[in-house]
Amino acid sequence: MDGIRKRLEQDLRTAVGRLRQVGGASALEDLLGPRGEHWAFADEVDEIQANEWREIGFATRELLVDRVNRITAALERLDEGEYGVCVECGETIASARLRVMPEVTTCVRCQDRLERASRHLEPIEVEVGAEDD
Ligand SMILES: [Zn+2]
């Protein structure tokens, strides 16, 4: 699982860096608190390209906050030995899926069901193999 942890930490660093660029520093403090091991990554990303952040909309910031949230939660799950288990059905999440999206907390089946429920989508065409490799 060391590879997964490195990947998550790298993704967290990237997401935190982007969030700082779009002016979400206060949101970060809410997310990560004034201290804590994950907060250290925010300090490493100190080069803010201020000219970019006006171009990035609120929706993007929300997405980044969401992503930081999920990655941080994934790291906590890793610490607690719960990583890689679907929070919905308790099944093991496919390793191929975790390689693509290491912060996911649900298996493909549950993710699909949740997304349809939240977006009120009509049945979609399933892209065979897209999720599993
Ligand atoms: Zn599941």
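**Exercise 1. Locate glutamine 21 in this predicted model, and decide whether glutamine 21 is buried or exposed.**

Solution. Begin with the secondary structure, where glutamine 21 is found in helix 1. Next, turn to the surroundings of the residue: glutamine 21 has 20 C-beta neighbours inside 10 Å. The cut-off for a buried residue is 20 or more other C-beta atoms within 10 Å, and therefore glutamine 21 counts as buried. As a last step, look along the chain to arginine 61, which is 40 residues apart from glutamine 21 in sequence, while the C-alpha atoms of the two are separated by 9.6 Å.

**Exercise 2. Classify threonine 14 and arginine 5 as buried, exposed or partly exposed.**

Solution. Both residues belong to helix 1, as the placement of threonine 14 and that of arginine 5 show. For threonine 14, the count is 16 other C-beta atoms within 10 Å, and for arginine 5 the count is 15. A residue is exposed at 12 or fewer such neighbours and buried at 20 or more, with partly exposed in between, so threonine 14 is partly exposed, and arginine 5 is partly exposed as well. Each can also be paired with a residue far along the chain: threonine 14 and valine 68 are 54 residues apart in sequence, with 9.3 Å between their C-alpha atoms, whereas arginine 5 and leucine 75 are 70 residues apart in sequence, with a C-alpha to C-alpha distance of 7.0 Å.

**Exercise 3. Describe the environment of alanine 74.**

Solution. First, place the residue: alanine 74 is found in helix 5. Then count its neighbours; alanine 74 is buried because 25 other C-beta atoms lie within 10 Å. Leaving aside neighbours within four places in sequence, the contacts of alanine 74 are Leu8, Tyr83, Pro102 and Glu103. For one of these, proline 102, the separation from alanine 74 is 28 residues in sequence and 7.8 Å from C-alpha to C-alpha.

**Exercise 4. Identify the residues of the largest nonpolar core and the elements that give two or more residues to it.**

Solution. The largest nonpolar core holds twelve residues in all, and these are Leu8, Leu12, Ala15, Val16, Leu19, Val22, Leu64, Val68, Ile71, Ala74, Leu75 and Tyr83. Two or more residues of this core come from helix 1 (2-21) and likewise from helix 5 (58-79). In soluble globular proteins, nonpolar side chains tend to be buried together.

**Exercise 5. Summarise the protein as a whole, including the confidence of the prediction.**

Solution. Start with the elements: the protein has seven helices and zero strands. Of its 133 residues, 20% count as buried. Among contacts between residues at least 6 apart in sequence, 67% join residues at least 24 apart. Finally, consider confidence, for which the mean pLDDT is 76, with 61% of the residues reaching 70 or more. Over residues 43-54 the pLDDT is below 50, and this stretch has twelve contacts in the model beyond near neighbours in sequence.

Conventions:
Residues are numbered from 1 along each chain as its sequence is written. This is a predicted model: local features need pLDDT of at least 70, side-chain atom pairs count only at pLDDT 80 or more; totals for chains, interfaces and linings use all residues. Helices (H or I, at least four residues) and strands (E, at least two) are DSSP runs, numbered from the N terminus. Two residues are in contact if their C-beta atoms, placed from the backbone, lie within 7 Å. A nonpolar core is a set of buried Ala, Val, Leu, Ile, Met, Phe, Trp, Tyr and Cys residues joined through C-beta atoms within 7 Å. pLDDT is the predictor's confidence in each residue, from 0 to 100.
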